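Student: I have a new model open and would like to go through its architecture. Can we take it piece by piece?

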Amino acid sequence: MKVIKFGGSSLANGTQLRKVLKIVQDDPERRIVVVSAPGKRFSDDKKVTDQLIKMATLVQNQSSYKVVYEDIISRYADIAEELELDKQVIVEIENHFEKLLRTEFRSTDLQIDAFKASGEDNNAKLIAAYFKKSGLPARYLNPREAGIFVTSQPGNARILPESYNFLSQLRDTEEVLVIPGFFGYNENDEIITFSRGGSDITGAIVANGVQATLYENFTDVDAIYVANPNHVPDPEKIHHLTYTEMRELSYAGFSVFHDEALLPAFHAGIPVHVKNTNNPEGKGTKITRTRPKTSHIISGIASSNGFVSIHVSKYLLNRELGFIRKSTQIFEELGLSIDHMPSGIDEVTFIIRKDQLTPGKQAALLYRLKNELRADDVHVQGDVCLIMIVGEGMVASVGTTAQATQALADAGVNLVMINQGASEISLMFGIIEEDEEKAVKAIYDSFFN
């Protein structure tokens with residue numbers, strides 16, 4: 001059995017859904033299909049999920065949501081009309097929203113989650129109807145019925161271990177099951193979503209549960225690229241990565257694959273194949289535990305902005321027992337998550353995401369670090385971008401850091417931070433955001449041109 005997941009761009013209109021149908025029909029082992037909500041049809045289009053979030057906000061503010069609601073319904077109606085589906089499909093979707101609007105929720109977060117999840121849920125119903133009309137023995141399967149049970153953290157659900165036992169019962173299905181991605185149900189039978197892009201997570205969870213031979217993730221690119229095409233013209237394609245390489249690159253800015261989605265597949269040792277809906281015969285990118293050696297030292301270059309660095313220095317810091325523990329405790333008590341923590345003998349730098357640091361929290365953080373730790377200096381540097389180079393080949397190579405830093409120096413990029421993981425397969429640089437494109441291109445040209 002293969003589990004196959006389609007992203008929003010693959011499901012944006014009827015033309016794309018015809019391609020999806022052929023892909024499923026071409027391989028009888030593709031018996032579980034996980035779907036996203038309809039994505040953009042063109043560059044200036046709106047994603048259905050974004051419209052649903054907007055509608056939920058309007059409902060909460062008791063503002064008129066009619067225009068947004070009609071836009072959402074029209075997306076599904078246009079697809080149904082293009083595929084010549086029975087109008088009953090749209091009636092069911094309208095009924096779903098009417099019920100949703102009448103529902104009382106325990107919190108605004110739960111309400112937002114229920115609205116967000118309806119994008120995938122209604123799309124799965126429409127796609128199952130289209131498959132069935134086209135001759136496939138298909139049916140819609142709700143995540144509750146499938147056995148996808150999660151923790152009660154709106155927008156950041158975690159799968160419960162017992163879910164895998166329920167999912168294993170789907171293994172012998174003879175039908176094509178169409179399952180909406182992105183959400184599950186908690187112990188109170190409430191809808192809880194995974195983090196944004198969570199349909200990838202659902203696909204990997206289902207693949208693990210049914211012990212699939214392959215998890216295929218269809219998107220709108222022929223393969224994962226070495227670097228962002230917006231920064232590097234016509235970058236090389238990556239045809240094979242390890243789970244670890246992909247995890248590092250996803251965290252650092254590769255948007256093709258959700259950075260949490262590999263974990264269920266990794267635990268079960270299930271190969272992942274990223275492919276293009278518009279070119280299903282292409283090689284794509286395979287993600288496995290190990291990969292063949294290549295002539296390249298690094299596999300990919302990723303970048304992510306929106307960080308700040310908090311620099312703390314104190315003379316003889318390295319001799320002070322408990323300094324790091326006290327520091328991290330201050331962050332924890334203020335509800336701040338630390339992404340990276342490079343250090344020296346008399347200094348330590350904390351890299352955190354900028355969006356969690358309000359002006360009030362920043363003032364409290366600096367005050368507490370300065371006074372409770374009796375630090376000599378505490379200061380913040382904003383607008384930090386993290387550049388990560390990743391590759392299994394770095395482990396056995398000498399001079400990778402020197403080559404990368406020389407490339408950045410030649411390009412006039414100043415380094416805020418350097419950090420290398422103990423596994424030696426990743427190397428991270430902190431720079432100012434305005435140098436992001438210049439830095440990525442400089443490193444790419446050094447290692448690939």
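Student: Are helices α2 and α3 roughly parallel or antiparallel to each other?

Tutor: Keep in mind that this is a predicted model. The axes of α2 (residues 48-60) and α3 (residues 66-82) come within 9 Å and cross at roughly 150°. An angle over 145 degrees counts as roughly antiparallel. So α2 and α3 are roughly antiparallel.

Student: Which residues of α2 and α3 make the contact, and how do they divide into nonpolar, polar and charged?

Tutor: On α2, the contact uses Val 48, Gln 51, Leu 52, Lys 54, Met 55 and Leu 58. On α3, it uses Val 68, Tyr 69, Asp 71, Ile 72, Arg 75 and Tyr 76. The division is eight nonpolar, one polar and three charged.

Student: In which hand does α2 pass α3?

Tutor: The angle of roughly 150° does not name the hand of the α2 and α3 crossing. The crossing of α2 past α3 is left-handed.

Student: How do helices α11 and α12 run, roughly parallel or antiparallel?

Tutor: Helix α11 covers residues 323-333 and helix α12 covers residues 359-372. Their axes lie 10 Å apart, at an angle of about 155°. α11 and α12 are therefore roughly antiparallel.

Student: Which residues meet between α11 and α12, and what classes do they fall into?

Tutor: Ser 327, Ile 330, Phe 331 and Glu 333 come from α11. They meet Leu 365, Arg 368, Leu 369 and Glu 372 of α12. By class, that gives four nonpolar, one polar and three charged residues.

Student: Is the crossing of α11 and α12 left-handed or right-handed?

Tutor: The angle here is about 155°. As α11 passes α12, the crossing is right-handed.

Student: Which strands stand at the edges of the eight-strand sheet?

Tutor: This open sheet runs β3-β4-β2-β1-β7-β11-β12-β10, with mixed pairing. An edge strand has a single partner strand, so one of its sides is left without a neighbour in the sheet. The edge strands are β3 (138-140) and β10.

Student: By how much are neighbouring strands of that sheet turned against each other on average?

Tutor: Take the order β3-β4-β2-β1-β7-β11-β12-β10 again. With direction ignored, the average turn between neighbours is 20°.

Student: In what sense does β12 pair with β10 and with β11?

Tutor: β10 (residues 240-242) and β12 (residues 285-288) are joined over three bridges, with His 240 opposite Lys 286. β11 (residues 272-276) is also joined to β12 by three bridges, and Val 272 faces Ile 287 there. β10 with β12 is parallel; β11 with β12 is antiparallel.

Student: Which residue of β2 is the bridge partner of Ile 4?

Tutor: Strands β1 (residues 2-6) and β2 (residues 30-35) pair in the parallel sense over five bridges. In β2, the partner of Ile 4 is Val 33.

Student: Which strands does α5 lie across, and which does α9 touch?

Tutor: Helix α5 (residues 108-133) runs at about 160° to β4. Helix α9 (residues 243-251) makes about 90° with the direction of β10. α5 lies across β2, β3 and β4; α9 touches β10, β11 and β12.

Student: Which strands stand at the edges of the six-strand sheet?

Tutor: The order is β14-β15-β13-β16-β18-β17, and the pairing is antiparallel. Neighbouring strands are turned by 40° on average, direction ignored. Each edge strand has a single partner, so one side lacks a neighbour in the sheet: these are β14 (338-340) and β17 (417-420).

Student: How many bridges join β13 to β16, β16 to β18, and β14 to β15?

Tutor: Phe 307 pairs with Val 384 of β16. Ile 389 stands opposite Leu 427 in β18, and Ile 338 opposite Ile 352 in β15. The counts are eleven for β13 with β16, seven for β16 with β18, and two for β14 with β15.

Student: Which strands do α13 and α14 pack on?

Tutor: Helix α13 (residues 400-410) runs at about 20° to β18. Helix α14 (residues 436-448) makes about 125° with the direction of β13. α13 lies across β16, β17 and β18; α14 touches β13, β16 and β18.

Student: What distance separates the centres of domain 1 and domain 2?

Tutor: The domain assignment gives domain 1 as 2-220 and domain 2 as 300-448. Taken over C-alpha atoms, their centres are separated by 37 Å.

Key. Residues numbered from 1 in each chain as written. Predicted model: local features only at pLDDT ≥ 70, side-chain atom pairs only at ≥ 80, totals over all residues. Heavy atoms only, no water. Axes fitted to C-alpha atoms, helices over the stretch in contact; angles between N-to-C directions. Helix = DSSP H or I, 4+ residues; strand = E, 2+ residues; numbered from the N terminus. Parallel < 35°, antiparallel > 145°, perpendicular 65-115°, else oblique. Left-handed = near helix turned anticlockwise from the far one by under 90°. Contact = heavy atoms within 4.5 Å. Nonpolar A, V, L, I, M, F, W, Y, C, P; charged D, E, K, R; others polar. Domains from an automatic or database assignment. Pairing = 2+ DSSP bridges.
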